[in-house]
Amino acid sequence: MKKTTLLILLVVFVVSCNKNISKNNNKKQFLTNYVDPFIGTGGHGHTYPGATVPFGMLQVTPVNGISSWDWCSGYHYSDSIAVGFSHLALSGTGIGDLADVLIMPINKEVDISKMPKSRDSLTYKSSYSHNNENASPGYYQVFLDDCNVNVELTTSKRTAYHKYTFKKNDQQSVVIDLGFAINWDKATSSSLQIEDDYTITGHRFSKGWAKNQKVFFVAKFSKPIIDYQLAADNNKVSSQKTVGTKTAAQIFFDNVENSELKVKVALSSVSIKNAKENLEEGFEFESVKAKASASWEDVLSKISIETKTDSLKTIFYTAMYHAHVAPVTFSDKNGEYRKENDTIETATNFTAYSTLSLWDTFRAEHPLLTLTSPDKVSDIINSMLSYYQTKKILPVWTLYANETNTMTGYHSIPVIAEAYLKGITGFDAEKAYEAMKTTMMQDERGLSHYKKYGYIPYNLLDESVTITLEYAYDDWCVAQMAKALGKTDDYKFFLKRSKAYTHLFDAETGFMRGKFEDGKSWNEPFDPKYSNHREHTDYTEGNAWQHSWFTPHAVEDLAKLHGGNEIFTQRLEQLFTESSEITGSNVSADISGLIGQYAHGNEPSHHIAFMFNHANKPWRTQYWSRYILDTQYNTTPNGLSGNEDCGQMSAWYVLSSIGLYPMNPASTQYEIGSPIFESSSINLPNGKTFIIKAENVSKENIYIQSATLNNEPFNETNISHETILKGGTLQFFMGNTPNKKWGTAKNSNN
């Protein structure tokens, strides 16, 4: 009997061990296990933890109900109060909006007719604990302490799914609030209608960052509605429909059958009819959750890495996740979407996208998508060309059918040029070139001054230095597109104008400075550390230290202006080693992630570390790019050193960590940095694989000693997109001291 008992215990032990081994193997197998959506929800990251799918229309996520800068996404990790769950959110922006169609499950009746003046007066808010909160790609869960409700969220591309588990015998109810006076925007019109026992529809029009946002929705419940209350503008409404500026509803359900209530929601920018067409059949929450996770697994597997350090896997795959959240799907199932002038367009043979944070994302986000999702790139360009038709100007920063005109330059231009020069098809190149040229030849946003003077005088427009430098780069991109299309005269014209940076370089100080319209006088007094936010400044969200390096198309020429590579690289080094003091009384909050005066938390600095490659000191690019990787990202909610900005902060990490960076995206070249993984594989859409190996890589071994490409010696500091698309293996041999001979055969201009 004892032997039999021991045998049974042994079998149980072995089975248990096998289950644990299998569970651990599964964790290693699924890349989604390494994603932590809470990274970036603290500090100034401005991300949200809610459920979405790659480039999905919906972002179903918790809302804290505070309109303060670090709550731009609607959520901040420092908070512990939820006011509901919304269906649209911004990922890492520096301005807040959206959080539309707010739904909150509660276990009591409340007075919805009283519109609150602050979060404190909300009758349906609830506290929660991060100990009872979880998130993974395509899924979010939290337990609401005050309501005794467990909330689970998931989504498909156009339908959000809620699952609420109430305490047994508790009242089951949800509040839908379309007024939400404490949000970033203000409702201008809204409506709610009980259509049948299971369905409620409505609209919410609002004015915020998006000046004329229009959202239509349908919500369907898994249980019949047994009672409801409607309100509009502080008054209760007795009918089945309510219309006003701010409307709300409380809906009640039977609590006898079971403690679970499911809700599915679809939106449209066009109509309630389209929202209904976007709504998917069934309430199979677990099935939708599994499909959402699988869609993320597919995206994450487009670049696979090998490293013994799990924290690096978490940072990398979370960065891959964040880099594929935006732009977001905007067109409905039938292809229709709203344009800025309130007309309805139909996307034919492409998906229309919104949330185009181009000032940020042209730098690394869009270059990454040319490797992982080129089909999305052509759709994004077709979306931009559609918006171009409205005003005959390419978009700057589009949000839910609204041109926000946020930030400087016209950086849809490098996105288009890069795509075309990398061989991405699916859009009309001639039409795209027309849009690029027309945009850069019109007069808005300082271009009239730029055309007249060759630069923008500081006395005529704020942020004149930044705008001039960015227009110069945009001009260079137009020139490259003109050259590729055989438009020689245009090529010469825009190439000449792309040297506008020469007007603003002050050889005496080594900085780009504001110049008066006389073409001679500098803006005085001058302090390169001085920052003023948006007004009475020559620089956008920064200072002269951070903005004097934006000539990604002409690094060698900039080095000559400085007096040669030695002086140029000495000043580059000083950028990273100078004290981090920022002077001024209205310093931009965007200046974060400081290493000296280098500010990794904001995009204008993102290319600078790679400029050493073009000044014959690639080992300094290797040193500083690795230093940034090691110090500016971690696995905590405060794991981003600045705003995520719709994928740019994360895309920088993804590409830099595998040893590549598109310092000048439209050049179609990637600069070589310092890879941190033993091996990285880019699984290309054409079926080929490009592998990057780093032998002997470690925290100390950050310098490239030698390299081979497909077993042939490789001594270049950049590699072309065309070469990567062919597949193959780029192998680096790493060491702990610089090899100052590697990569220095070219680029010397001393």
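## Empty space inside the model

On a 1 Å grid over the protein atoms alone, a cavity is a set of points where a 1.4 Å probe fits but cannot get out, while a pocket is an open set with protein on both sides within 12 Å along at least five of seven lines; lining residues have an atom within 4 Å of a point. Grid points are joined across faces, edges and corners, and a volume is the space filled by probe spheres set on the points. By this rule there are seven cavities of 30 Å³ or more. The largest cavity has a volume of about 150 Å³. Its lining has 15 residues, and those closest to the centre are Glu-340, Ile-393, Leu-394, Pro-395 and Glu-403. Two elements, α7 (374-391) and β25 (402-403), give two or more residues each to this lining; helices (H or I, at least four residues) and strands (E, at least two) are DSSP runs, numbered from the N terminus. By class, the cavity lining holds seven nonpolar, three polar and five charged residues, where Ala, Val, Leu, Ile, Met, Phe, Trp, Tyr, Cys and Pro count as nonpolar, Asp, Glu, Lys and Arg as charged, and the others, Gly among them, as polar.

Before we go on, a word on the source: this is a predicted model, in which local features need pLDDT of at least 70 and side-chain atom pairs count only at pLDDT 80 or more, whereas totals for chains, interfaces and linings use all residues. Residues are numbered from 1 along each chain as its sequence is written, and side-chain values use heavy atoms, with hydrogens and water left out.

## The largest pocket

Now for the open space. The largest pocket holds about 320 Å³. Of the 17 residues that line this pocket, Thr-309, Leu-312, Asp-630, Ile-676 and Lys-699 lie nearest its centre. Helices α4 (310-322) and α16 (618-631) each supply at least two lining residues. The pocket lining divides into seven nonpolar, five polar and five charged residues.

## The nonpolar core and Ile-719

A nonpolar core is a set of buried Ala, Val, Leu, Ile, Met, Phe, Trp, Tyr and Cys residues joined through side-chain atoms within 4.5 Å; buried means under 20% relative accessible area, exposed over 50%, and partly exposed in between (1.4 Å probe, protein chains only). The largest such core has 205 residues, and Phe-316, Phe-576 and Ile-719 touch the most other members. Helix α11 (residues 464-484) gives the most to this core, with 12 residues.

Ile-719 is a good place to look around. Apart from neighbours within four places in sequence, Ile-719 is in contact (heavy atoms within 4.5 Å) with ten residues' worth of surroundings that include Leu-660, Tyr-670, Ile-672, Phe-690 and Leu-730. Strand β33 (residues 669-672) pairs with strand β38 (residues 718-720) in the antiparallel sense over three bridges; two strands pair if DSSP finds at least two bridges between them. Here Glu-671 has Asn-718 of β38 as its bridge partner. Strand β33 also runs antiparallel to strand β32 (residues 660-661), joined by two bridges, with Leu-660 opposite Ile-672.

## A ten-stranded sheet, and Ala-248

An open sheet of 10 strands follows the order β2-β5-β6-β7-β8-β17-β12-β11-β10-β15, with antiparallel pairing. At its edges are β2 (81-82) and β15 (241-244), each pairing on one side only. Within the sheet, β11 (residues 199-207) and β12 (residues 213-221) pair over eight bridges, and Thr-199 stands opposite Lys-220 in β12.

Ala-248 sits in strand β16 (residues 247-253). Ala-248 counts as buried because its relative accessibility is 3%. Beyond its neighbours within four places in sequence, Ala-248 has contacts that include Ile-112, Ile-176, Leu-192 and Leu-230. Its C-alpha atom is separated by 9.4 Å from that of Lys-236, 12 residues apart along the chain.

## Unusual backbone geometry

Most residues other than glycine have a negative phi, and most peptide bonds are trans. A cis peptide bond joins Ala-326 and Pro-327, with omega of about 0 degrees; Pro-327 lies in the loop between α4 and β19 (328-329). Another cis bond joins Glu-524 and Pro-525, with omega of about -5 degrees, and Pro-525 is in the loop between β27 (511-512) and β28 (530-532).

Met-407 has a positive phi of about 80 degrees and lies in the loop between β25 and α8 (412-421). With 8% relative accessibility, Met-407 counts as buried. His-536 has a positive phi near 55 degrees in the loop between β28 and α13 (544-547), and is exposed, with a relative accessible area of 65%.
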